[in-house]
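Please open the structure in your viewer and keep the sequence beside it, because this tour moves from one selection to the next. At each stop you will be told what to select and what is found there.

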Amino acid sequence: FSMSKDFGEFARNPENYSRYKPKPPSARDPNLYTNGPVYEEILQKTKFVESYKFCGLIGLSLITAPLTTIHTSLQLSVMPHRNLYGDVSGVEANKLANIPKEITVQDRRRYELLIKSGVTGTNKPFRAPVYTGYFEVIQALMRQGFLGFYKGNLIGMTHLGLTGLSRMYPMHHFKYSNSEFYHGQSNMYRICLAIMMATGADMLLNPLYMMQSRFILQNRLTNFSTYKGIMHFFKKHMKNPMKLYLGYTVHLPKNVLTIVGPMLVSKDASKTMLIASTQLNGILTYPLITIARRLHCQDPAPGMLPLRYSGVSHALKLIIKEEGIKGIYRGYLCYALANLIMMVGITEFSALGERMYDLQYN
């Protein structure tokens with residue numbers, strides 16, 4: 001649903017001239033009309049359609065949450081950390097299970113702790129897990145219960161909704177309320193304005209993005225979780241609120257790629273072309289998302305990632321050096337599938353909102 005395209009179709013309709021008697025079109029944009037009632041009708045339709053999209057977002061988030069949890073868990077699996085601790089090469093859980101009579105008291109306690117914590121392989125309780133593949137992540141999440149697949153989902157859904165609102169309304173204000181000024185500027189100005197607004201919104205909401213990363217990384221089981229809830233999270237970071245903005249520098253380059261790419265695709269392009277464009281955009285931005293996730297979770301607190309990266313560029317170089325290109329694309333298949341479901345679903349809910357609006361008001 002393209003609001004600018006809808007606005008152009010509305011303005012070209014001769015019947016609307018008698019309804020609103022708009023001002024003459026701009027010399028630079030033949031579809032530009034700055035009449036107040038036109039803006040009010042567009043805003044009304046926008047709010048109506050966005051309400052349908054928001055309802056769709058809630059339903060789709062329930063479908064894609066397990067995929068988000070899986071790909072984020074793999075993004076946060078820092079492979080060099082497998083050899084970071086001295087006792088990683090100790091007696092493994094499966095070996096302990098096979099020798100119950102010969103096991104020492106200390107190893108028995110460690111084995112019982114492993115079983116209760118739900119960790120897999122050589123991962124230890126109270127430490128950030130390192131998963132080697134999709135199956136190992138799924139197995140570990142199953143041990144944390146069904147809700148293990150929905151860790152951080154409420155936070156992620158809130159973050160997506162607020163991000164959409166904080167981006168949409170300021171841009172619509174420029175496009176339609178101050179349309180003569182906005183449409184009188186160059187395309188470069190419009191692109192830069194969109195990037196600035198999107199980056200500002202993302203930086204403002206970075207604490208929610210960071211919270212989602214940490215809630216996915218932590219063990220969901222009560223006795224082993226780092227944060228007991230949302231209020232506990234904020235309480236722990238009240239003394240040093242700047243920690244809530246770890247990884248904020250990723251948002252600018254990510255938004256440059258996210259906004260400039262789709263603008264190169266025609267609005268009249270086929271669905272297949274739009275899907276291909278979205279997936280290509282995901283390939284380009286995924287390394288930045290991986291870096292942001294890892295920067296979010298660097299903390300001396302139990303269950304978080306030990307300090308390893310000093311910034312975005314350092315993280316990119318070190319991940320490629322230590323883990324190869326595969327390291328920055330860990331979990332990408334689940335991410336691409338979740339993105340595809342979200343994009344197709346939101347498009348359908350948007351179209352449904354338009355049809356319902358036309359039935360109700362026309």
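A salt bridge is counted here when a side-chain nitrogen of Lys or Arg lies within 4 Å of a carboxyl oxygen of Asp or Glu. By this rule the count comes to eight salt bridges. Before you look at some of them, note that this is a predicted model, in which local features need pLDDT of at least 70 and side-chain atom pairs count only at pLDDT 80 or more, while totals for chains, interfaces and linings use all residues. Residues are numbered from 1 along each chain as its sequence is written, and side-chain values use heavy atoms, with hydrogens and water left out.

**The whole chain**

Begin with a cartoon view of the protein chain, whose secondary structure comes to 16 helices and zero strands; helices (H or I, at least four residues) and strands (E, at least two) are DSSP runs, numbered from the N terminus. Of the 362 residues, 46% count as buried, where buried means under 20% relative accessible area, exposed means over 50%, and partly exposed lies in between (1.4 Å probe, protein chains only). Contact means heavy atoms within 4.5 Å, and among contacts between residues at least 6 apart in sequence, 72% join residues at least 24 apart.

**Colour by confidence**

Next, colour the chain by pLDDT, the predictor's confidence in each residue, from 0 to 100. The chain averages a pLDDT of 80, and 78% of the residues score at least 70. Among the elements, helix α2 (residues 15–20) has the lowest mean pLDDT, 45, and α10 the highest, 95. Select residues 16–33, where the pLDDT is below 50, although this stretch has 39 contacts in the model beyond near neighbours in sequence. Then select residues 86–97, also with pLDDT below 50, which have 16 such contacts. Where pLDDT is low, the predicted coordinates should not be read in detail.

**Salt bridges**

Now select K45 and E354, which form a salt bridge with their closest N and O atoms 3.9 Å apart. K45 lies in helix α3 (residues 36–75) and E354 in helix α16, so the pair ties together parts that are 309 residues apart in sequence. Buried or exposed: which word fits K45? K45 is buried, with a relative accessible area of 10%, whereas E354, at 22%, counts as partly exposed.

Stay on helix α3 and select K53 and E50, whose side chains meet in a salt bridge at 3.3 Å, N to O. These two residues are three apart in the helix, so about one helical turn separates K53 from E50.

Move on to K254 and D202, whose side chains meet at 3.7 Å, N to O. Because K254 lies in helix α12 and D202 in helix α9 (residues 187–204), this pair ties together parts that are 52 residues apart in sequence. Both residues are buried, K254 having 13% relative accessibility. Add R167 to the selection, and you have a network of salt bridges that links R167, D202 and K254. Leaving out residues up to four places away in sequence, K254 touches D202, T285, L288 and I289.

**Inside the fold**

A nonpolar core is a set of buried Ala, Val, Leu, Ile, Met, Phe, Trp, Tyr and Cys residues joined through side-chain atoms within 4.5 Å. Select L217, F233, L305 and Y309, the residues with the most contacts inside the largest core, which has 33 residues. The elements that give two or more residues to this core are α10 (206–217), α13, α14 (312–323) and α16 (332–361). A second, separate core of ten residues includes I70, L74, V137 and C334.

Return to F233 and show its surroundings: apart from neighbours within four places in sequence, F233 is in contact with P207, M210, M211, R214, F215, Y227 and L244.

**A loop and a surface patch**

Select R220, in the loop between α10 and α11 (230–236). R220 is partly exposed, with a relative accessible area of 33%. Apart from neighbours within four places in sequence, the contacts of R220 are Q144, G145, L147, G148, K151 and S225.

Finally, show the surface and select L257, L280, I283 and L284, which form a nonpolar patch. Patches are made of residues with over 30% relative accessible area and no salt bridge, with like charges joined within 9 Å and nonpolar side chains (Val, Leu, Ile, Met, Phe, Trp, Tyr) within 5 Å. Together the four residues have about 330 Å² of accessible area, a value from the Shrake-Rupley method with a 1.4 Å probe, in which only the protein chains shown count as cover for residues. Helix α13 (residues 271–296) gives the most to this patch, with three residues, while L257 lies in helix α12 (residues 251–263).
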